[in-house]
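Q: Please take a close look at a single part of this structure, the helical packing and the residues around it. I would like one connected account that sets out the reasoning behind each assignment.
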Amino acid sequence: MSEKPETVYLKDYKAPAYSISDVFLTFDLDDNATLVTSEMRVFRNKNVSTTDLELVGEQLKFVSAKLDGKDLDTKRFQVNDLGFKLIGPPESFTLTIQNKIDPASNKALEGLYKSSGIFCTQNEPEGFRRITYFIDRPDVMAKFKTKIIANKKNYPVLLSNGNLVESGDLAEGKHFCMWQDPFAKPSYLFALVAGDLGVVKDKFVTMKNRKIDLFIYSDKGNESKCLYAMEALKRSMKWDEERFGLEYDLDCYMIVAVDSFNMGAMENKGLNVFNSAYVLADAKTATDDNFMGVEAVIGHEYFHNWTGNRVTCRDWFQLTLKEGLTVFRDQEFSSDLHSRAVERIDNIDKLKTRQFIEDAGPNAHPIRPASYMEINNFYTMTVYEKGSEVIRMIHTILGETGFQKGMKKYFELFDGKAVTTDDFLYAMSSANGYDFEHFINWYNQAGTPVVDVQMDYNESSKTIKLTLAQSCPATPGQETKLPFFIPFKIGLLDQSGKDIKLTLKGDVNSRRLRSSDGVLFLRDQKESFEFENIKSRPVLSLNREFSAPVIVKYDYLDQELAFLAAHDSNEYTRFNAIRNLAIKEINKIIDSTNGQASWPIDKIYLKAYKAVLEDKKIDMSFKARALSIPTVEELFNSQAVLKVDETYRARKLLKNAIGTALKDILVTMYKQLSPPTKYQFCKEQVGNREVKAQVLSLIIASDEELGINLALAQFDSANNMTDEATALAEIIFSSSSKKDIPIKKFYAKWKDNTLVIQKWLALQASAPLDTTLKRVMELEKDPVYDAKVPNLLRSVVGAFSKNGYCFHRKDGSGYKFIADKIIEIDKLNPSMGAALSSSFVLYKKFPENLKTLAEKELRRIVETAGLSKNAFEIVSKTLNA
């Protein structure tokens, strides 16, 4: 890159000099020359010194401008590649600008673009400036009216935000639709869709008896695959009313599913645009995980109607204000509808394997960043998932009643406004009389805190002293950290496994302990808590429900972990105990140097594992997670220097040891879970399929011939995509010579279904085999692959970049391949190129030989002429780590 991009700082925020109250947009759609007319009612804000109006615009062809209906003299304005400046306008006025854009050539998929015959928009965070000249920032909120003109035959469906107020036919085979949104919104929430689409319709009656028309649009022929999404939408609307008292506010709610979309979905007011992967689902083409994903994302985008749309961000540094809060809400939605324990385990697993790595990497940042070069790079696990954990801690501190009081105050104070995270904390504080001043460190500091725990038991006084010491590693730009306010939920188990009542010695208030649920409030760097009436040495249950996003360090004995796995009343702690036993076992294998072909598994761990396997009382989905082996990502995160081959080998040996020791039980259980039944997406069947998948994997690890034959039979007889894809995955990941036939069968069956064929592509790109890179290069040439479609790109190149075994090859070929792809993709779609750049997030943990090879590729990327600021920011920070 020729010059370093400019850095934007939160401290430099200034309120806009002008505001826009109303916008009337007219689109005359054309593939390469769409004419956009923007009529804006503008007024100067008080106490500003700037008199000129500056509007941003990118890749626009200026046509004309009028001020209060009169053509503008060319001396009154300036236009360049970055925008439009109106010189010396009056304090309030109407500005009309016409410009042309080229949607068909827009491969970045930001602004208005055309893909697969559909016109579509994506404007968050700064895409609207690719549509027309505007004050494109979230603290400028306007009421939008939109007229869309297009060829009626090619584009019978014309959609935008709000309510449909007028439509009709025009000359030359064209027609129009007029949409009006009565609520002020920032430009990033504007949406337009035009195409020849199928539709599923329904209605929802709100708690105030308002009838809302619901529409889900997709490619024709996919209507039946939208039915589950429609039911999920209605569940979301009902849940938001019942849990938060929030009712939908427009006359209609629309969702459009498109294949070419950089993100998962977008919450545009009244017109959500979705990646089709999060809308389309049926038993033949979608896995159980796909169904769960559809419901969660449908809920997430709907919940944004209040937490993101009605109250939005003042600036993009406040992104977690809407995203962290809404992720918390969608997690609670899924937890209320399904197993709360299983949902919590899955969410924590994602946090530990992805966000903890981000927090320890070169691009670590607080949930409210202090600076950025490219805001698209901050749609991160930190802002979203860690942001949701910060909201969850507030919920833990205040309780459900107090949190709901705070939410009510939040909407009471800020409905219709663009606000900050400080405003959210103020609402929570003022509604509950609670001081969150110390809590603000969670918003300002990066890194994952570490809590060291020591326990001293005094037999004579029957007391225990718990000492908690918190620390946080240095992160880029933050060498030292202030203490965090940590709500740390604990339990003390007696010898029978029952919870001991918690009583702090000499403490008569709840500032340090809430005894009702065992929450300790850790405010200082080091604090001690002394509990009385403890008759015998207890077993500690720490950070129950993962009450704070921290790493806990405590020297558990294996017997204590096994005890927790068997007896703890908190299901997350039970899961975490057996998971930690597995991690201990894997680390023993990694540290061993004799290169054995089998592993003498620890008896304590095997007994605990067998107990879970045979327990018929526990939730089957919980059982599946407890039986799972720690992922490579989770293991990498705990390593100071990556041990790639050793980690893969250790996981394989552990699975072999478990499978060998419990083979008869596993084979019997697999057969019991395999009788043919009509597919249903329900708790019992989902849990059974999840356990069956874990069992099959263990059988293959111990007896590949037997296991692969079982997998082949499952693949051939499967009546649902979950069983079919699970079997195919195990076959592909194996060394079996029989894999070619099912791979070809799946391709022949599903090659015309892009969502299903993405699974086929991703499985092969994810296989931890020496031949995978060669296979990936072959897949790139397959007719089903198109690098310009983000979902397909993620399925091949994205999946390979997450394949640690192949990405970290000793000859550097994995690094070179991904670097080539970053450079190639960045030219078309900078957002996707930047996402791939994060593949090197663990760079500072690479062993020296691999770091040298990776550095060569990173420098080649950063020195590429014309590199986007998206990729430059991530790669340059990685190199400087």
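A: In this predicted model, C177 has a relative accessibility of 10%, which is under the 20% limit, and C177 therefore counts as buried. C682, at 27% relative accessibility, lies between the limits of 20% and 50% and so counts as partly exposed. The number of disulfides comes to zero. C177 accordingly takes part in none, and the nearest cysteine sulfur to it, that of C252, is 11 Å away; a pair would have to lie within 2.5 Å to count.

The helical part is best approached through α11. This helix spans residues 620-627 and is mostly covered, with seven of its eight residues buried. The buried residues are S621, F622, K623, A624, R625, A626 and L627. Helices α4, α9 (571-591), α10 (603-614) and α15 are included in what covers them.

One of these covering helices, α4 (residues 340-359), packs against α11 at an angle of about 30°, with the two axes 9 Å apart. Because this angle is under 35 degrees, α4 and α11 count as roughly parallel. Their crossing is left-handed. On the α4 side, the contact is made by V342, I345 and D346, which meet S621, F622 and R625 of α11. By class, three residues of this contact are nonpolar, one is polar and two are charged. The three contributors from α11, namely S621, F622 and R625, are among the buried residues of that helix. As for the spacing along such a helix, an α-helix has 3.6 residues a turn, so residues three or four places apart point the same way.

Two further members of the cover, α9 and α10, also appear in the surroundings of A562. This residue is found in helix α8 (residues 558-567). Its relative accessibility is 17%, under the 20% limit, so A562 counts as buried. Beyond four places in sequence, A562 touches L581, I604 and A608. By their numbers, L581 falls within α9, and I604 and A608 fall within α10. In addition, the C-alpha atoms of A562 and N580 are 9.7 Å apart in space, although the two residues are 18 positions apart in sequence.

The remaining named member of the cover, α15, comprises residues 683-702 and contains K692. The relative accessible area of K692 is 6%, under the 20% limit, and this lysine is therefore buried. With neighbours up to four places away in sequence left aside, K692 is in contact with Y670, L673, S674, Q714 and D723. D723, a charged residue by class, belongs by its number to α17, so that α15 and α17 are connected through the contact between K692 and D723.

Helix α17 (residues 721-733) in turn packs against α19 (residues 754-766), at an angle of about 25° and with the axes 9 Å apart. That angle makes α17 roughly parallel to α19, because it is under 35 degrees. The crossing of α17 and α19 is right-handed, whereas that of α4 and α11 is left-handed. From α17, the residues M721, A725, L728, A729, I732 and F733 meet V756, K759, W760, L763, Q764 and S766 of α19. Sorted by class, the contact has nine nonpolar residues, two polar residues and one charged residue.

Some backbone features elsewhere in the chain may be set beside this helical region. Most residues other than glycine have a negative phi, and most peptide bonds are trans. E124 and P125 are joined by a cis peptide bond, with omega about 0°, and P125 is placed in the loop between β11 (118-122) and β12 (143-151). S116, which is not a glycine, has a positive phi near 55° and is found in the loop between β10 (111-115) and β11. Its relative accessibility is 61%, over the 50% limit, so S116 counts as exposed. K462 also has a positive phi, of about 55°, without being a glycine, and its place is the loop between β25 (450-458) and β26 (463-471). At 30% relative accessibility, between the two limits, K462 therefore counts as partly exposed.

Methods: Residues are numbered from 1 along each chain as its sequence is written. This is a predicted model: local features need pLDDT of at least 70, side-chain atom pairs count only at pLDDT 80 or more; totals for chains, interfaces and linings use all residues. Side-chain values use heavy atoms; hydrogens and water are left out. Axes are lines fitted to C-alpha atoms, for helices over the stretch in contact, and angles run from 0 to 180 degrees between N-to-C directions. Helices (H or I, at least four residues) and strands (E, at least two) are DSSP runs, numbered from the N terminus. Angles under 35 degrees count as roughly parallel, over 145 as roughly antiparallel, 65 to 115 as roughly perpendicular and the rest as oblique. A crossing is left-handed if the near helix is turned anticlockwise from the far one by less than a right angle, and right-handed if clockwise. Contact means heavy atoms within 4.5 Å. Buried means under 20% relative accessible area, exposed over 50%, partly exposed in between (1.4 Å probe, protein chains only).
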